[in-house]
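Subject: The model, and what turned up in it

Hi,

Here is the structure I promised to pass on. Have it open while you read, and my notes follow underneath.

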Amino acid sequence: MSPASAERTLWTVDEHLEDVLAALRPLDPIELRLPDAQGCVLVEDVTVPVALPPFDNSSMDGYAVRVADVAGASEEFPAVLTVVGDVAAGGEGLPGVGPGQAARIMTGAPLPPGAEAVVPVEWTDGGTGGGAATGMRPAGADPEGASGEVRVHRPVGPRAHVRARGSDVAAGDLALAAGTVLGPPQIGLLAAIGRGTVRVRPRPRVVVLSTGSELVQPGRELGPGQIYDSNGFALAAAARDAGAIAYRVGAVTDDADALRATIEDQLVRADLLVTTGGVSVGAYDVVKEALSAVSDADEPGVGVEFRTLAMQPGKPQGFGSVGPEHTPLLALPGNPVSSYVSFELFARPAIRALMGLRDLHRPRARAVLCAAGPLPSPAGKRQFLRGTYDARTGTVAPVGGAGSHLVAALAQADALIVVPEGATLVEPGAEVEVVLVG
């Protein structure tokens, strides 16, 4: 950040976000095995090396036949064919199908030479000499009455129940384009065309670090004046939801030296550091104390700047870089709602920018406000209120109050109601913008 930025006394949400994103670059691509590439962004076009499917194969359990041999077949006058063998998926040695012959074939098995179509087993007697079959007999079964023949009760046309070679994708086709996010279907396609590894931008490693001597890990007994560390768990979960690999560090006490030491220890596994707490103007706001002067260290070009934003909640914010690799760091406020809203607005887009994603932000919508009365908002600040959004009716209702400590209300919300800087009161029935976080 430029020296002139320190002279500013108040920043807008958009200005701060713009500075955060301008300082980030997508992570360098690496080659990953398919299980490790899930959720990552592809950095190269992937073409199909072989056709998919690679051979004509049956889409049904049944019998591979010649079309002329079953023309006119009916239940009253079935076509009687000699069964020359079984064709199983993955089997070897395909039997040839000549005039008056059929081969028993399983779903996915290659169409044998001479065969032109597949008759489903339900359209035959299954080789038992009885009525219509309901399924294939087990391989090798020879029940009493089996004759080595099959009676076909219906005709089929050419290529019936046959999946043609290359009917999914042909050799040389584009399978996946660069920029694709690899979800389960994409991973499945890569495996189907034989790719064991793929070149992607990795998921960022995000270290979440809470500060405060009053914080206790959930599951332990609370002492006087203590609270549980909810922020660390919430933000680590939010980082994973954004696509990152998240590491949560136990809460650090209000000691600047201890905080600096902890951050230095975490740099080895961090592509992004997110701290929560200690960025306001209190006597024990150690994040600000520990990192404000970090730019005076031996490493040039690093430093963390602390700002006051025209927003509620989340007014105090910090951003910069630390360590020899200039690891980006976001310093978020400590109140639970302030922390979470700040993460959604600044840390989530940062994570997705590191991943190389094009879509950095949560979806937004316009909705009609449903409230018992007008909602006040501080002049000159953009307010983010918790709400529940109903897509069917296009409405949003506030949940809880404006307090930045109301964790229970936050847990019920699936949207943030955005009140712009110029509004000091929003009446019921007004159209508002909502950020969909559910």
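A word on labels before anything else: helices (H or I, at least four residues) and strands (E, at least two) are DSSP runs, numbered from the N terminus. This is a predicted model, so local features need pLDDT of at least 70 and side-chain atom pairs count only at pLDDT 80 or more, while totals for chains, interfaces and linings use all residues. Residues are numbered from 1 along each chain as its sequence is written, and side-chain values use heavy atoms, with hydrogens and water left out.

Let's start with one lysine. Lys381 sits in the loop between strand S23 (375-376) and strand S24 (382-390). Is Lys381 buried or exposed? Neither, quite: its relative accessibility is 24%, so Lys381 counts as partly exposed. (Buried means under 20% relative accessible area, exposed over 50%, and partly exposed in between, using a 1.4 Å probe and protein chains only.) Ignoring neighbours within four places in sequence, Lys381 is in contact with Ala310, Met311, Lys315, Val419, Pro420 and Glu421, where contact means heavy atoms within 4.5 Å. Gly422 is 41 residues away along the chain, yet its C-alpha atom and that of Lys381 are separated by 7.6 Å.

Now the inside. By nonpolar core I mean a set of buried Ala, Val, Leu, Ile, Met, Phe, Trp, Tyr and Cys residues joined through side-chain atoms within 4.5 Å. The largest one here has 41 residues, and Val206, Met311, Leu330, Phe343, Phe346 and Ile351 have the most contacts inside it. At least two residues each come from helix H1 (13-22), strand S13 (205-211), helix H5 (230-242), strand S17 (272-276), strand S21 (327-332), helix H8 (336-354) and strand S26 (415-419). H8 gives the most to this core, ten residues. Take Phe343: not counting residues up to four places away in sequence, Phe343 touches Leu235, Ala238, Ala239, Leu332, Arg348, Pro349 and Ile351. Apart from this core lies another, of 20 residues, among them Val286, Ala290, Val304 and Phe306. As background, nonpolar side chains in soluble globular proteins tend to be buried together.

Next, the sheets. Strands count as paired if DSSP finds at least two bridges between them. One open sheet has six strands in the order S16-S13-S17-S21-S20-S18, with mixed pairing. Strand S16 (245-252) and strand S18 (303-308) are at its edges with a single partner strand each, so one side of each has no neighbour in the sheet. On average, neighbouring strands here are turned by 15° against each other, direction ignored. For angles, axes are lines fitted to C-alpha atoms (for helices over the stretch in contact), and values run from 0 to 180 degrees between N-to-C directions. S18 pairs with strand S20 (residues 316-322) in the antiparallel sense over six bridges, and Phe306 stands opposite Gly318 in S20. H8 packs on this sheet, touching S13, S17, S20 and S21, and its direction makes about 165° with that of S21.

Another open sheet has five strands, ordered S8-S5-S7-S6-S9, again with mixed pairing. Strand S8 (117-120) and strand S9 (149-152) are the edge strands, each pairing on one side only. Its neighbouring strands are turned by 40° against each other on average, direction ignored. Within it, strand S6 (residues 79-87) and strand S7 (residues 101-105) run parallel, joined by four bridges, and Thr82 has Gln101 in S7 as its bridge partner.

Back to H5. Which residues of H5 are buried? They are Asn231, Gly232, Leu235, Ala236, Ala238, Ala239 and Ala242. These cover an arc of only 160° around the axis, which puts them on the same side of H5; the arc is that of the directions from the helix axis to the C-beta atoms. The elements covering them include S13, S16, S17, S21 and H8.

Last, strand S12 (residues 197-201), whose side chains alternate. Val198 and Val200 point to one face and are buried, whereas Thr197, Arg199 and Arg201 point to the other and are not. Strand S1 (residues 30-33) runs antiparallel to S12 with four bridges, and Glu31 is partnered by Arg199. Strand S2 (residues 41-42) is also antiparallel to S12, with two bridges, and Val41 stands opposite Arg201.

Cheers
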